Amino acid sequence: MTTATAVKTDYEAIIGLETHCQLSTKTKIFSSSSTEFGADPNTNIDPICMGLPGVLPVLNEKVLEYAVKAGLALNCEIAKYSKFDRKQYFYPDLPKNYQISQYDLPIAEHGWLEIELVDGDGNPTRKRIGITRLHMEEDAGKLVHAGSDRLSGSTYSLVDYNRAGVPLVEIVSEPDMRSGQEAAEYAQELRRILRYLGVSDGNMQEGSLRCDVNISVRPVGQKEFGTKVEIKNMNSFNAIQRAIEYEVERQTAAIEAGERIIQETRLWEEGAQRTISMRVKEGSSDYRYFPEPDLAPIEVTTQQLEKWRSELPELPAQKRHRYETELGLSPYDARVLTDDRTVAEYFETAIASGASAKQAANWIMGDIAAYLNKNKLGINEIALKPEALAELVTLIEDNTISGKIGKDILPELLTKGGSPKAIVLRDNLGQISDSGALEQVIDQVIAANPKELEQYRNGKTKLLGFFVGKVLKETGGRADPKLTNQLLAKKLNG
């Protein structure tokens, strides 16, 4: 009698992201109220964003420009004709009881962005993630629940309408991601692009970038998607990855237990590291969309489109590729340097001023980055100019000073600025490369350490580093390290 062996089913996750990005305009999408973050509650409001009778919205032209530029940067097709729609739903933070958004004719569709994952050995894997659509819409207000962090359990709620009418673009991805890591990298790359464009600050803590994850699980090889669940309330890229990993595990366990996955919206609880049910998911029919009667359709002319296209900067993925192929940097270095546009521009100015790419990268990613992190500064806020960094790198590479001296004078350069060459001359920090002068110091060091000399000559040759360190100390770090090593080895072995 034979017993059938159970076949283990492998599952895969199907993941797509809906990302709301607040645009960095000074005023709201349909009115002149300020979009300033952190103002006193209900001070940045007006009759239009409050939906009072007899008022008419007027589209902020800068919102259209930023939306089109974002669509171009995401390789989308820009619609020559698009329109706004009313999305009906009823909630206390939505003063009109509808949201002006775009439904069937969005401003941009059918795009993609490239993500890059670097493994532990520094090898990059690149993947294109499709962009279904990008559309413009207005934000709602903000509810503050007293006595609880959510509606359930609170004793009362307050509403702040400052955010109502703040311009957003919603970017919907294709379900092309298969892991939490891919989804987190997609969100990070999207934020990089928007920041490079200058259309959004992408600050997740302030709500400028908000990601909702749509996730389902299916057996590997199955073509049909599983039942989709949406996850909200994630305020960091790590939270996106952890929420997805938790939800994949939850859905897989439910399927294997014979339970039915229901289409719903779930919340990520950061403290408990889990998702919990929030509500059954609405469908588009529940919103009763119809064309917004108070706004004219949008037509983007070819001339306007090409003007905005010409104003696009070199984007992060393009920079990464160029840094690797033209400058010879590793994928890891290229990734770190291009994460922030200001850092990339600082780096490029330094190499344009004569610094070698690898050495400039090392200084920026090492000592300078440590100083920025410690003092919570941006690279544009330090006194060390990129041209001065190039001068410092050149002084080290042509053996005018040692790398140690470079590190010694860096704090002054970071806080006070100035010329590295002038500091070296002022403090007589030039590297000692004269053999005769070095030999005198070496003879003194050897004579002062007879015990270590004996150990070295008895085979403990690692003590060469000890003697080099002593010579560097005696010369205040000015001894030429390479020449010092050569002269010491000769005398110690003699």
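The following exercises concern the packing of helices and strands in a predicted model.

**Exercise 1.** Determine how helix H8 and helix H10 are oriented relative to each other, and which residues form their contact.

*Solution.*
Step 1. Two packed helices are described by the angle between their axes and the distance between the axes.
Step 2. Helix H8 covers residues 357-375 and helix H10 covers residues 403-416; they pack at an angle of about 55°, and their axes are 11 Å apart.
Step 3. Angles under 35 degrees count as roughly parallel, and 65 to 115 as roughly perpendicular. H8 and H10 are therefore oblique to each other.
Step 4. The crossing in which H8 passes H10 is right-handed.
Step 5. On the H8 side, the contact is made by Trp363, Asp367, Ile368 and Tyr371; on the H10 side, by Gly406, Lys407, Leu410, Leu414 and Thr415.
Step 6. Sorted by class, this contact of H8 with H10 has five nonpolar, two polar and two charged residues.

**Exercise 2.** Classify the orientation of H8 and helix H9, and describe the contact between them.

*Solution.*
Step 1. Helix H9 comprises residues 386-397, and H8 packs with H9 at an angle of about 110°, with the axes 10 Å apart.
Step 2. Angles of 65 to 115 degrees count as roughly perpendicular. Therefore H8 and H9 are roughly perpendicular to each other.
Step 3. H8 and H9 cross in a right-handed manner.
Step 4. From H8, Gln359, Ala360, Trp363, Ile364 and Ile368 meet Leu389, Leu392, Val393, Ile396 and Glu397 of H9.
Step 5. By class, the contact of H8 with H9 has eight nonpolar residues, one polar and one charged.

**Exercise 3.** Describe the sheet of nine strands, and state which strands helix H1 and helix H3 touch.

*Solution.*
Step 1. The nine strands form an open sheet with mixed pairing, in the order S2-S6-S7-S10-S1-S11-S12-S13-S14.
Step 2. The edges are strand S2 (77-78) and strand S14 (274-280), each of which pairs on one side only.
Step 3. Within the sheet, strand S11 (residues 209-219) pairs with strand S12 (residues 229-234) in the antiparallel sense, over four bridges. Val229 in S12 is the bridge partner of Ile215.
Step 4. Helix H1 (residues 61-73) packs on the sheet and touches S2, strand S6 (108-118), strand S7 (124-138) and strand S10 (167-173). The direction of H1 makes about 160° with that of S7.
Step 5. Helix H3 (residues 237-256) also packs on the sheet, where H3 touches strand S1 (11-22), S11, S12, strand S13 (264-269) and S14. The direction of H3 makes about 25° with that of S11.

Note on methods:
Residues are numbered from 1 along each chain as its sequence is written. This is a predicted model: local features need pLDDT of at least 70, side-chain atom pairs count only at pLDDT 80 or more; totals for chains, interfaces and linings use all residues. Side-chain values use heavy atoms; hydrogens and water are left out. Axes are lines fitted to C-alpha atoms, for helices over the stretch in contact, and angles run from 0 to 180 degrees between N-to-C directions. Helices (H or I, at least four residues) and strands (E, at least two) are DSSP runs, numbered from the N terminus. Angles under 35 degrees count as roughly parallel, over 145 as roughly antiparallel, 65 to 115 as roughly perpendicular and the rest as oblique. A crossing is left-handed if the near helix is turned anticlockwise from the far one by less than a right angle, and right-handed if clockwise. Contact means heavy atoms within 4.5 Å. Ala, Val, Leu, Ile, Met, Phe, Trp, Tyr, Cys and Pro count as nonpolar, Asp, Glu, Lys and Arg as charged, and the others, Gly among them, as polar. Two strands pair if DSSP finds at least two bridges between them.
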